[in-house]
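The following note was prepared for a colleague who is reading this structure. The points are numbered so that each may be checked in turn.

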Amino acid sequence: MRIPNQIDQSVGDISRLASSTWAIATSTAAATTTTTSTETMAARLPRHLLVFFTFVLGCVGAAAAAYQPGSAEGYTIAGRIKIDAASASASAKGFGLPSKTSNTRVILNGGQRVTFARPDGYFAFHNVPAGTHLIEVSSMGYLFSPVRVDISARNPGHIQAALTETRRVLNELVLEPLREEQYYEIREPFSIMSLLKSPMGLMLGFMVIMVFVMPKMMENIDPEEIKQAQEQMRNSPVPSFSGLLARANS
Amino acid sequence: MAPPRHLLLILLAAASLATLAAAVYEDQVGLADWHQKYIGKVKQAVYHSQKSGRRRVVVLTEENVIASLDLRSGDIFWRHVIEKNDPVDQLGLSLAKYAVTLSMGGSTLRAWNLPDGQMIWETNLQVSKSSKPLLHFLSNSKVAKDNLVLVSAGQWIYAVSSIDGVIAWGKEFSLDGLEIKQVLQSPENDILYVVGIAGSSKLNLYQLNAKTGEVVKHIQESFPGALCGETILGSHNVLVALDETRSGLFLIEFKGESINYNKVHISDLVQDLSGRVKLLPLMSNGIIALQASSTVSLLKLKGIDGLEVIQSFEQPAAVSNALTITEKDEGFAVVRHMGSEIEFIVKFTSDVSNEVIREKINIDQHRGNIQKVFLNNYIRTDKSHGFRALLVLEDHSLLLVQQGNVVWSREDGLASIIDVTTSELPVEKDGVSVANVEHNLFEWLKGHMLKLKGTLMLASADELAAIQALRLKNSEKNKMTRDHNGFRKLLILLTKAGKVIALHTGDGRIIWSNLLPSLRASKSGEMPSALRIYQWQVPHHRVMRENPSILVVGRSGTDSAAPGVLSVLDSYSGEELNSLKFDHSVVQIIPLMLKDSSEQRLHLIVDSHYRAHLYPRSPDAINVFLHEIPNTYFYTVDIEKNVIRGHSLQKSCDLSSDDEYCFSTKELWSIVFPSDAERIAITETRKMNEVVHTQAKIIADQDVMYKYLSKNLVFVATVSPKAASEIGSAAPEEAWLVAYLIDAVTGRILHRVTHHGAQGPVHAVVSENWVVYLYFNLRAHRFEMAVIEIYDQSRADNKDVLKLILGKHNLSAPITSYIRSEVMVKSQSYFFTHSVKTMTVTQTAKGITSKQLLIGTIGDQVLALDKRFVDPRRSVNPTQQEKEEGIIPLTDSLPIIPMSYVTHSLQVEALRGIVAIPSKLESTTLVFTYGVDLFYTRLAPSRTYDSLTDEFSYALLLITIVALVAAIIFTWIWSEKKELNDKWR
């Protein structure tokens, strides 16, 4: 079996990567979980070592060179998608978006591989070569940040993950949505104010002011001035409004 | 003074930003858009026999979709589109609870929950390469408590628990080159028989313990002749294998310890054999089916002694798998064509000469030949057996037939659209003719009676539905005539099956469909492929007697050197007006901007020898074209050789001098990219029909910049060889992308820019004077969208009004590519969040409306991104003038505004293409998106500034008018009274 080898290697990493505290934590944790789950895992996936880091962090698998000569390098990226139950139910009652995760897809490297999330949110990519990869999550109603995952070929067991949008480094590959997405504009409830604010409402309002407020203002003006103005009006050829209507009527 | 002005500016900026995201309200969904779901051509179907609840069928399609359909209506319960590079090979049901799929050459096994389609588990298996992985369900639950699923591929066999996907055991057979062909289960004990062929003539039989996977026994037998690898199981212990020449059958019997075999020549059994002989997987007891190019024969096994022909059917005919009906009886169906009808025959294997059912079914002639049958039975009320079947036809449609009727049909050819064009609808005639009215008088009366009933609430449910249908038919958006705004059009779609389908943009219903005879598979098994669809004849507004027509170009084979075929269809009826088989191949089709006197558009078809052929072949067309030959240039892209070449046309072909419609070409220029450093990733040009409104752009400081507008601008992006593959394979140091702007007439490189640490996939859009392209930045590990805007520097000093008046400008000078105009380039790049599948730009009738980029994201949604976000002139602190111009402050990434998703809460599964079609209304563009699904909507990139929106409140307008009139009357009376009072005084 090559599992003990693997552990040796990852323990060996600790000394090599002493400068990175995070890497140490990962390697030791991975090593311990490996020892505990060796029997069950070995039975389940013969010759293919899958190291789960508390079922959350994507980790490494050993090379499958024995039966895949073409693609000797094979690592496993495993992780979990977490959509808050609270936010999911909020969106469900809010806008009836399909909040079910059955349509949640996890995409590796822009469509090179696509997998689906299980009901509990877990997903895994197998036989991924070493390198820097990109994981995207597509789920209607949520915006997920793509995740950069580095798998180092030299130090198996050393995996680094970071959100590309916020540049936040992930300790474990738990993907949470950055925000919920609402695809519809919210219709404002009917209100008198919005009616009054519309151009027609403004027109009506102006007219009401003219009809009811203007006479009051006219009353306040000195009657002598009105008389003067009226005389001026009579002299001028401009016809008055009422006169115009009366003429049209006759 | 300053603060209010500041406030005004902020308000302006806010208002302009608000228009960047045009969204719909939830209650507006379906008013202007429609969404249709498809699955594709079914290749495997499994019935889910459930005692209670809805009957369903789980299907696997060639579009890599797994779906659960309602057997009563054909509706989709759930469906999953699996990525193309993860091809699903096998489908099965386990425990009547899960649908199990085997994909990626047998290495991925997934289980889906039947009621809701949720993925329950996924198991990755290490297998060797195999042409055909197998999935086998252990029917006997004695073996293990959890039903085991057997997966075999190449040299590997696995047993996986169907409850949680845990591998119970896995076994690799050490024999080199072994390929497992069959897995059988012994009914008596826990022994599995695994049959494999090693090399081409060594048959191996392994006996395995079903519980542990240990090999109990191994027998090898060499055959005198080679096998072609096609095997089926004749009965529980007889295997039938075709030999290499496909002229003989080996009957192989396993009897405990030994293998016995016998060779039978097919020509002794079936006369008149021609073409490729195939064994059809019938999987029944003692009956096998043999398919040749002209017949399908049913043969009965008589041990290994020989075979007997029961019946032969003329092609086209299809045979279904055997279906267990009772303990010892199996049934199977044969479907064949009888003139315009199809005949559906069900037989039992125990008594093959009798027919249980023989039904004649009428199906649409435009569906072509039958290709697959999936039989299912049900118990009638009188306890007898009834049969129904799913039929897959040549146009990829799926039909359920039962009791001689088609219960439902699905037009699943629409899941594989190749190309799209549009056609205007006929113009509404002024005044309806009398005959037309009388013809429709009864209908008219009936309609009104129905409506009356509806308003009086006397109508039944059926009548209500009829009223609804009538309303829909008469509603404005679904009329079969042209409308003022140009929203109503026909979308003409070319599908992979060679079917042309016209959809109405109002509601997406099918107006006509035609399976083109020239694109149908021939008797010899040659599969033609459809290529492109173009507008052929668009009659001018005044000439309304003629219908517009469309051109479909295809190949008579899948090979690119195969001769082409051409077909012209009427846009309103779908009738084939003309069809032609070329004597040359089709490599490139160039629609020209020219028309002949009958308003047929001229097309140049370039063949593999770089000869150009002119269509239509009419003397008129050649006369028009001869004048334009000196101005006709085209370019070709050779991705394999990494070369772009420019060509011009020369008169007459050098080969056949009598063919005056053939032109030889001359290579004018070529750009050879060094293969060790650059590989062509994408080439993109402007759309032929794009309209540009202004040639100049007035920038904030009252300066004028002239756009470099050339129809010959080609954008080419090359990537380094290491960066040509997928993300994750190249390091930033060895990956780069070079973007070129090339003039296609002269081959001059106008601009060249290198992005280090960038790689594909590259997507690009060229419009007006700008290019937007998207690539992956390996250093930041994010997608990046770069923009290049090109301005004509040689016209930059034409700013002076005096100069313009005095004519000292070069605006009137003829524009030619041979003038080496100075260009100025502005560029900028921004981060983009998602992976992109496809990208295009909106198009409007006059080009006044601002543009939006339509981006098909990896989540199968379409995002509308305003072009202003990808402006190269965005700066961190825009000046006041720039703000007024609408320049958005610089950000490093482009915003994803959820409300600007054109597809709102819908997904266009397996998105492949987005088409923007201008409408007559300047503000509006029509967007059609296709993949496995179809989605259509209207889009107004700068809001509908030239028409009232749908939510305009006419009631409020009416109320205002009434109130105004009332007020006028009131004030009039009032003033009259006052005047009278004044006079009395």
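1. Two strands are taken to pair if DSSP finds at least two bridges between them. In this predicted model, strand β1 (residues 75-81) of chain A is joined to β10(A) by two bridges, and the two strands run parallel. Within β10(A), Val174(A) is the residue that stands opposite Arg80(A).

2. The pairing just described belongs to an open sheet of three strands in chain A, ordered β4-β1-β10, with mixed pairing. The edges are occupied by β4 (122-128) and β10 (174-175) of chain A; each has a single partner strand, so one side of each is left without a neighbour in the sheet.

3. The contact between the two chains deserves separate attention. On chain A, 64 residues are in contact with 71 residues of chain B. The two chains bury about 6100 Å² between them, and carbon and sulfur atoms account for 56% of this area. Of the area that chain A buries against chain B, 12% is supplied by Phe116(A), Tyr184(A) and Glu185(A), more than by any other three residues.

4. Which kinds of polar pairing cross the interface of chain A and chain B? The rule finds three salt bridges across it, and 19 residue pairs in polar contact, both residues being at pLDDT 80 or more. A salt bridge is formed by Arg105(A) and Asp860(B), whose closest N and O atoms are 3.3 Å apart.

5. Several elements of chain A contribute to the side that touches chain B. At least two residues each are supplied by the helices α2 (21-44), α5 (199-220) and α7 (241-249) and by the strands β2 (105-108), β3 (113-116), β4, β5 (131-138) and β12 (184-185) of chain A. By class, this side of chain A has 29 nonpolar, 22 polar and 13 charged residues.

6. Strand pairing also extends from one chain to the other: β12(A) is joined by two bridges to strand β1 (residues 24-25) of chain B, and these strands run parallel. The bridge partner of Glu185(A) in β1(B) is Tyr25(B). Glu185(A) is also one of the three residues named above for their share of the area buried by chain A.

7. Turning to chain B as a whole, one finds eight helices and 65 strands. Of its 985 residues, 53% are buried. Among contacts in chain B between residues at least 6 apart in sequence, 51% join residues at least 24 apart.

8. Is Ile39(B) buried or exposed? Ile39(B) counts as buried because its relative accessibility is 0%, the cut-off for burial being under 20%. Ile39(B) is placed in the loop between β2 (34-36) and β3 (42-48) of chain B. Beyond its neighbours within four places in sequence, Ile39(B) is in contact with residues including Val59(B), Leu69(B), Ile76(B), Arg410(B), Asp412(B) and Val932(B). The C-alpha atoms of Ile39(B) and His80(B) are separated by 9.2 Å, and these residues are 41 residues apart along the chain.

9. A second position in chain B is Thr665(B), which lies in strand β49 (residues 662-672). With a relative accessible area of 17%, Thr665(B) is buried. A polar atom of the Thr665(B) side chain lies 2.6 Å from the backbone oxygen of Tyr610(B). Leaving aside neighbours within four places in sequence, the residues in contact with Thr665(B) are Tyr610(B), Ala612(B), Phe634(B), His647(B), Ser648(B), Leu649(B) and Gln650(B).

Technical notes:
Residues are numbered from 1 along each chain as its sequence is written. Chains are lettered from A and ligands numbered from 1 in the order in which they are written. This is a predicted model: local features need pLDDT of at least 70, side-chain atom pairs count only at pLDDT 80 or more; totals for chains, interfaces and linings use all residues. Side-chain values use heavy atoms; hydrogens and water are left out. Helices (H or I, at least four residues) and strands (E, at least two) are DSSP runs, numbered from the N terminus. Contact means heavy atoms within 4.5 Å. Buried area is the accessible area (1.4 Å probe) that two parts lose on being put together, summed over both. A salt bridge is a side-chain nitrogen of Lys or Arg within 4 Å of a carboxyl oxygen of Asp or Glu. A polar contact is a pair of N or O atoms within 3.5 Å; within protein, one must be able to donate a hydrogen and the other to accept it, and residues adjacent in sequence count only if both atoms are side-chain atoms. Ala, Val, Leu, Ile, Met, Phe, Trp, Tyr, Cys and Pro count as nonpolar, Asp, Glu, Lys and Arg as charged, and the others, Gly among them, as polar. Buried means under 20% relative accessible area, exposed over 50%, partly exposed in between (1.4 Å probe, protein chains only).
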